Amino acid sequence: MTHTHILKLSVGTESVEDLLEWQASQQHRWPKGCAVHVTRMWPKREAEVLNGGSIYWVIKGVILCRQRIIGLESVDGSDGISRCAIVLDQEVIRTEAAPRRAFQGWRYLDPKDAPGDLAKGRVAEEALPPALAQALAEIGLR
């Protein structure tokens, strides 16, 4: 069986560090060792997403990182509407910068179109400003 990824905008996030800080501030609400993102729509390609898929985060118009998807759970909102909780591995893996236009909700991302992971040693490096990362990606240098 093949796998697929999910592409999602990280709304209100300025950097990977912002995403990390926000997730750390929410840990008390989630299962130990996991992060959770709740979305309205349940993936129709659930089996492919759960077969090695990741959520790729678009930050300020650029894919900059991903988290491995480890589960999908149904959750009911305070409004009584059932939603999909995407359960994520706590590790955030930085990726090569890849520009993406804004969109609503989430999209599937074919593995062949997913940016590569940065080398482990680059995780500790200071991130480039998003505009610079996008400019480099657009000319094929990053």
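Reader: Which strand gives the largest share of the lining of the largest pocket?

Author: Happy to start there, with a predicted model in which local features need pLDDT of at least 70, side-chain atom pairs count only at pLDDT 80 or more, and totals for chains, interfaces and linings use all residues. Numbering runs from 1 along each chain as its sequence is written, and side-chain values use heavy atoms, without hydrogens and water. A pocket is an open set of points on a 1 Å grid where a 1.4 Å probe fits, with protein on both sides within 12 Å along at least five of seven lines, and lining residues have an atom within 4 Å of a point. The largest share, 4 residues, comes from S2.

Reader: Which residues lie nearest the centre of the largest pocket?

Author: The space in this pocket is about 650 Å³. Its lining has 16 nonpolar, 8 polar and 5 charged residues. Of the 29 lining residues, those nearest the centre are Lys 8, His 37, Val 38, Thr 39 and Arg 40.

Reader: And the largest nonpolar core: which element gives the most to it?

Author: Such a core joins buried Ala, Val, Leu, Ile, Met, Phe, Trp, Tyr and Cys residues through side-chain atoms within 4.5 Å, where buried means under 20% relative accessible area with a 1.4 Å probe, protein chains only. Among its 23 residues, Ile 69 and Ile 86 touch the most other members. Helix H1 (16-26) and strands S2 (34-39), S3 (54-59), S4 (62-76) and S5 (82-89) each supply at least two residues. The most, 5 residues, comes from S4.

Technical notes:
Buried means under 20% relative accessible area, exposed over 50%, partly exposed in between (1.4 Å probe, protein chains only). Grid points are joined across faces, edges and corners, and a volume is the space filled by probe spheres set on the points. Ala, Val, Leu, Ile, Met, Phe, Trp, Tyr, Cys and Pro count as nonpolar, Asp, Glu, Lys and Arg as charged, and the others, Gly among them, as polar.
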